[in-house]
Amino acid sequence: ANISASKALLRAAKAQTNPTLSLSSKYIKQTASSVSEDYSWDVGLALSIPIYDGGAKNAKIMESESVVRTAEIALDNLKRQVKLEIEQAFLDVREARVKYYTSVKNVKKAKISYKMARVRYVNGLSQSVEMEDALRTLDQARKGRT
């Protein structure tokens, strides 16, 4: 919308450099006395050709062109920002998916380690500390802290 409005202002600024032709008319009823009435009809035609304005019109055109370029740059920046945000969201989803599958594998690994530590402890091959460490690791894996 800003670009369209800016282009319209640019067209208007450029149009000010064109000659203008004006037509006017008026119909007047004049009563000088109560007895007679005079009617008059005036028609006028005027042609205005801009010759020199001290560069004001050209400055206005340049200003309008600058406003159009600024609006186009702002639109381009907005498009780039949206594209960047979409790419970032895609990467965030991808990262979350990797973290999820990693945590699932860590939980499976911790379960196996705990089962092995418990079997060793039950068979007298290790101390309770090893089993407690494996249980703590499993708990942390379930909470996603591994």
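1. Arg 118 is found in helix H2, where helices are DSSP runs of H or I with at least four residues, numbered from the N terminus. At 39% relative accessibility, Arg 118 counts as partly exposed, because that class lies between buried (under 20%) and exposed (over 50%), with a 1.4 Å probe and protein chains only.

2. A word on the basis: this is a predicted model, in which local features need pLDDT of at least 70 and side-chain atom pairs count only at pLDDT 80 or more, while totals for chains, interfaces and linings use all residues. Residues are numbered from 1 along each chain as its sequence is written, and side-chain values use heavy atoms, leaving out hydrogens and water.

3. Arg 118 also belongs to a patch of positive charge on the surface, together with Lys 105, Lys 108, Lys 111, Lys 115 and Arg 142. Patch residues have over 30% relative accessible area and no salt bridge, and like charges are joined within 9 Å; a salt bridge would put a side-chain nitrogen of Lys or Arg within 4 Å of a carboxyl oxygen of Asp or Glu. Helix H2 (residues 56–122) gives the most to this patch, with five residues.

4. You may like the rings, too: a search of the whole structure finds one aromatic pair (ring centres within 6.5 Å). Tyr 100 and Tyr 101 form this pair, at 5.3 Å centre to centre and 65° between the planes, which is edge-to-face (over 60 degrees). Tyr 100 counts as exposed at 51% relative accessibility, and Tyr 101 as partly exposed at 49%.

5. Finally, Ser 24 is found in strand E1 (residues 20–30). Ser 24 and Ile 86 are 62 residues apart in sequence and 60 Å apart in space, C-alpha to C-alpha.

How values were computed: Patches are made of residues with over 30% relative accessible area and no salt bridge: like charges are joined within 9 Å, nonpolar side chains (Val, Leu, Ile, Met, Phe, Trp, Tyr) within 5 Å. Accessible areas come from the Shrake-Rupley method with a 1.4 Å probe; for residues, only the protein chains shown count as cover. Lys and Arg count as positive and Asp and Glu as negative; His and the chain ends are not counted. The place of a charge is taken as NZ of Lys, CZ of Arg, CG of Asp or CD of Glu. Helices (H or I, at least four residues) and strands (E, at least two) are DSSP runs, numbered from the N terminus. Rings of Phe, Tyr and Trp (its six-membered ring) pair if their centres lie within 6.5 Å; planes under 30 degrees apart count as stacked, over 60 as edge-to-face and the rest as tilted.
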